[in-house]
Amino acid sequence: ASVGRTMWHRNAMTLCAKMLRELGAEQVLDIGSSFNPLHEEFPNITALDVVPAGPGVLAADFLSVELVEATGVDPRCTGAGLAVPTGFYDAALLSFVLRSVPGEQKRRE
């Protein structure tokens, strides 16, 4: 079964959405998003994945994405490669990111 169809993933996304709403998050960065499951809950979400499985997910290896000091620049509007502004997002969600890092030592760095 795909990740989107598993019960634990649906429960996790429901819990994440609830917590993000309680925190008042509007601009959300979803790293390792695959198919952008929270796009209906958060219209201003930016979804990234190494291998996107749906429309609206930007293809990017977040571990290689440039972080830039900015507060009002959405990465879809940078024009010169993908750069994520450090002050733009209210919250970030990471899904399956660490499993893509090879080796336990690298995961701890």
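Visitor: What phi does glycine 24 take, just after H1?

Guide: In this predicted model, glycine 24 has a positive phi of about 80 degrees. That residue comes just after helix H1.

Visitor: Let's turn to the helix itself. What should the 16 residues of H1 span, and how far apart are its end C-alpha atoms?

Guide: Count 1.5 Å a residue, and the expected span for residues 7-22 is 22 Å. The end C-alpha atoms of H1 lie 23 Å apart, which agrees with that expectation.

Visitor: Which residues of H1 are buried?

Guide: His9, Met13, Cys16, Ala17 and Leu20 are. Because they cover an arc of only 100 degrees around the axis, they sit on the same side of H1.

Visitor: And which exposed residues does the face turned away from the buried side carry?

Guide: You will find Met7, Thr14 and Glu22 there.

Visitor: What do the buried residues of H1 pack against?

Guide: Two strands: S1, residues 28-31, and S6, residues 91-94.

Visitor: Now for the rings. How is a pair of aromatic rings described?

Guide: Two things are used, the distance of the centres and the angle of the planes. Here the count comes to one aromatic pair. Its members are phenylalanine 88 and tyrosine 89, with ring centres 4.9 Å apart and planes at 90 degrees, so the pair is edge-to-face.

Visitor: Is phenylalanine 88 buried or exposed? And tyrosine 89?

Guide: Buried means under 20% relative accessible area. Phenylalanine 88 has 15% relative accessibility, so it counts as buried. Tyrosine 89, at 15% relative accessibility, counts as buried too.

Note on methods:
Residues are numbered from 1 along each chain as its sequence is written. This is a predicted model: local features need pLDDT of at least 70, side-chain atom pairs count only at pLDDT 80 or more; totals for chains, interfaces and linings use all residues. Side-chain values use heavy atoms; hydrogens and water are left out. Helices (H or I, at least four residues) and strands (E, at least two) are DSSP runs, numbered from the N terminus. The expected span of a helix is 1.5 Å times one less than its number of residues. Buried means under 20% relative accessible area, exposed over 50%, partly exposed in between (1.4 Å probe, protein chains only). The arc is that of the directions from the helix axis to the C-beta atoms. Contact means heavy atoms within 4.5 Å. Rings of Phe, Tyr and Trp (its six-membered ring) pair if their centres lie within 6.5 Å; planes under 30 degrees apart count as stacked, over 60 as edge-to-face and the rest as tilted.
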